[in-house]
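Let's take a walk through this model and see how a few of its parts fit together. Have the sequence and the 3D view open side by side as you read.

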Amino acid sequence: MLNNQAALDPILHAIADPTRRGMVEQLAKGPASVSALAGRLPMSLQAAMQHLAVLEAAEVVRSEKVGRVRTVSLNPAALHQVERWVAEQKTAWERRLDRLGDYLGESPGNERNDHG
(Lines give C-alpha, C1' and ligand atoms only; values in the text may rest on other atoms or scores of the structure.)
Protein backbone atom coordinates (compact mmCIF):
# COMPACT_ATOMS: atom_id res chain seq x y z
CA MET A 1 0.00 0.00 0.00
CA LEU A 2 2.84 2.39 0.84
CA ASN A 3 4.39 1.92 -2.62
CA ASN A 4 1.04 2.66 -4.25
CA GLN A 5 0.70 5.83 -2.18
CA ALA A 6 4.21 6.93 -3.13
CA ALA A 7 3.29 6.46 -6.80
CA LEU A 8 0.14 8.52 -6.27
CA ASP A 9 1.91 11.49 -4.70
CA PRO A 10 3.17 13.09 -7.94
CA ILE A 11 -0.14 12.43 -9.69
CA LEU A 12 -2.19 13.98 -6.90
CA HIS A 13 0.21 16.92 -6.71
CA ALA A 14 -0.07 17.44 -10.46
CA ILE A 15 -3.87 17.45 -10.51
CA ALA A 16 -4.18 19.50 -7.32
CA ASP A 17 -3.65 22.71 -9.28
CA PRO A 18 -6.81 24.10 -10.96
CA THR A 19 -4.91 25.11 -14.11
CA ARG A 20 -3.50 21.62 -14.55
CA ARG A 21 -6.90 20.04 -13.87
CA GLY A 22 -8.29 22.26 -16.61
CA MET A 23 -5.60 21.01 -18.96
CA VAL A 24 -6.47 17.41 -18.05
CA GLU A 25 -10.15 18.12 -18.70
CA GLN A 26 -9.30 19.60 -22.08
CA LEU A 27 -7.08 16.65 -22.96
CA ALA A 28 -9.85 14.25 -21.99
CA LYS A 29 -11.57 15.48 -25.16
CA GLY A 30 -8.53 14.50 -27.23
CA PRO A 31 -4.87 15.33 -27.86
CA ALA A 32 -3.93 18.97 -28.39
CA SER A 33 -0.87 20.96 -29.28
CA VAL A 34 0.92 22.85 -26.54
CA SER A 35 0.06 26.14 -28.22
CA ALA A 36 -3.65 25.20 -28.43
CA LEU A 37 -3.70 24.32 -24.72
CA ALA A 38 -1.80 27.47 -23.79
CA GLY A 39 -4.05 29.62 -25.97
CA ARG A 40 -7.00 28.79 -23.73
CA LEU A 41 -5.23 29.98 -20.60
CA PRO A 42 -4.72 33.49 -19.23
CA MET A 43 -0.95 33.00 -18.98
CA SER A 44 2.17 32.96 -21.07
CA LEU A 45 3.20 30.01 -23.21
CA GLN A 46 6.17 29.51 -20.88
CA ALA A 47 3.91 29.30 -17.80
CA ALA A 48 1.62 26.81 -19.56
CA MET A 49 4.65 24.72 -20.51
CA GLN A 50 5.72 24.63 -16.86
CA HIS A 51 2.30 23.27 -15.90
CA LEU A 52 2.55 20.68 -18.66
CA ALA A 53 6.01 19.69 -17.42
CA VAL A 54 4.53 18.91 -13.99
CA LEU A 55 1.77 16.82 -15.59
CA GLU A 56 4.27 15.01 -17.78
CA ALA A 57 6.68 14.33 -14.89
CA ALA A 58 3.77 12.74 -13.00
CA GLU A 59 2.93 10.73 -16.16
CA VAL A 60 -0.56 12.21 -16.27
CA VAL A 61 0.11 13.32 -19.85
CA ARG A 62 2.47 12.32 -22.64
CA SER A 63 3.89 14.54 -25.30
CA GLU A 64 5.25 13.88 -28.72
CA LYS A 65 7.05 16.26 -31.02
CA VAL A 66 6.42 15.94 -34.74
CA GLY A 67 8.28 18.55 -36.70
CA ARG A 68 7.79 21.83 -34.89
CA VAL A 69 4.55 20.84 -33.15
CA ARG A 70 4.48 19.23 -29.71
CA THR A 71 1.24 17.34 -29.15
CA VAL A 72 0.08 16.41 -25.66
CA SER A 73 -2.27 13.55 -24.83
CA LEU A 74 -3.76 12.20 -21.65
CA ASN A 75 -2.31 9.06 -20.05
CA PRO A 76 -5.42 7.34 -18.66
CA ALA A 77 -3.36 4.83 -16.65
CA ALA A 78 -2.30 7.56 -14.21
CA LEU A 79 -5.87 8.63 -13.56
CA HIS A 80 -6.91 4.98 -13.18
CA GLN A 81 -4.44 4.75 -10.29
CA VAL A 82 -6.21 7.63 -8.58
CA GLU A 83 -9.59 6.07 -9.33
CA ARG A 84 -8.51 2.75 -7.78
CA TRP A 85 -7.18 4.49 -4.67
CA VAL A 86 -10.41 6.45 -4.21
CA ALA A 87 -12.46 3.26 -4.68
CA GLU A 88 -10.32 1.46 -2.07
CA GLN A 89 -10.82 4.33 0.38
CA LYS A 90 -14.57 4.35 -0.25
CA THR A 91 -14.80 0.60 0.34
CA ALA A 92 -12.80 0.84 3.56
CA TRP A 93 -15.00 3.66 4.89
CA GLU A 94 -18.19 1.84 3.93
CA ARG A 95 -16.98 -1.21 5.89
CA ARG A 96 -16.17 0.96 8.90
CA LEU A 97 -19.56 2.64 8.75
CA ASP A 98 -21.27 -0.76 8.42
CA ARG A 99 -19.42 -2.01 11.51
CA LEU A 100 -20.35 1.16 13.37
CA GLY A 101 -23.98 0.71 12.35
CA ASP A 102 -23.88 -2.90 13.51
CA TYR A 103 -22.30 -1.87 16.80
CA LEU A 104 -24.80 0.91 17.40
CA GLY A 105 -27.67 -1.41 16.50
CA GLU A 106 -26.48 -3.93 19.10
CA SER A 107 -25.87 -1.39 21.89
CA PRO A 108 -28.08 -1.91 24.96
CA GLY A 109 -28.97 1.80 25.00
CA ASN A 110 -30.42 1.61 21.50
CA GLU A 111 -33.29 -0.76 22.19
CA ARG A 112 -36.50 0.35 20.53
CA ASN A 113 -39.31 1.62 22.63
CA ASP A 114 -42.43 0.06 21.11
CA HIS A 115 -44.81 1.70 23.58
CA GLY A 116 -45.72 4.40 21.04
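What follows covers the sheet, a serine in one of its strands, and then a helix with its charged pair and nonpolar patch. Keep in mind that this is a predicted model.

**The sheet**

Start with the strands. Three of them form an open sheet, in the order β1-β3-β2, and the pairing is antiparallel. The edges belong to β1 and β2 (61–66), each of which pairs on one side only. As a reminder, strands of a sheet pair through backbone hydrogen bonds, either parallel or antiparallel. Between β2 and β3 (residues 69–74), the antiparallel pairing runs over six bridges. If you want a spot to zoom in on, try V66, which stands opposite V69 in β3.

**S33, on an edge strand**

Now hop over to β1, which spans residues 32–33 and holds S33. Is S33 buried or exposed? Its relative accessibility is 17%, and the cut-off for buried is under 20%, so S33 counts as buried. Its side chain reaches the backbone nitrogen of A36 at 3.0 Å. Setting aside neighbours within four places in sequence, S33 is in contact with V69, R70 and T71. V69 is also the residue that V66 stands opposite.

**Helix α5: a charged pair**

Next up is helix α5, covering residues 76–106. Side chains of opposite charge can pair when their charged atoms come close. How many salt bridges does the model have? The count comes to one. In that salt bridge the side chains of E94 and K90 meet, at 3.7 Å from N to O. Both residues sit in α5, four residues apart, which is about one turn of the helix.

**Helix α5: a nonpolar patch**

Y103 is in α5 as well. Together with W93, L97, L100 and L104, Y103 makes a nonpolar surface patch of about 560 Å².

Here is how the three α5 residues with accessibility values line up:

| Residue | Relative accessibility | Class |
|---|---|---|
| E94 | 40% | partly exposed |
| K90 | 52% | exposed |
| Y103 | 55% | exposed |

Why do the two partners of the salt bridge land in separate classes? Exposed means over 50%, so K90 at 52% counts as exposed, while E94 at 40% falls in the partly exposed range. Y103, from the nonpolar patch, is at 55% and therefore counts as exposed too.

Definitions and conventions
Residues are numbered from 1 along each chain as its sequence is written. This is a predicted model: local features need pLDDT of at least 70, side-chain atom pairs count only at pLDDT 80 or more; totals for chains, interfaces and linings use all residues. Side-chain values use heavy atoms; hydrogens and water are left out. Helices (H or I, at least four residues) and strands (E, at least two) are DSSP runs, numbered from the N terminus. Buried means under 20% relative accessible area, exposed over 50%, partly exposed in between (1.4 Å probe, protein chains only). A polar contact is a pair of N or O atoms within 3.5 Å; within protein, one must be able to donate a hydrogen and the other to accept it, and residues adjacent in sequence count only if both atoms are side-chain atoms. Contact means heavy atoms within 4.5 Å. A salt bridge is a side-chain nitrogen of Lys or Arg within 4 Å of a carboxyl oxygen of Asp or Glu. Patches are made of residues with over 30% relative accessible area and no salt bridge: like charges are joined within 9 Å, nonpolar side chains (Val, Leu, Ile, Met, Phe, Trp, Tyr) within 5 Å. Accessible areas come from the Shrake-Rupley method with a 1.4 Å probe; for residues, only the protein chains shown count as cover. Two strands pair if DSSP finds at least two bridges between them.
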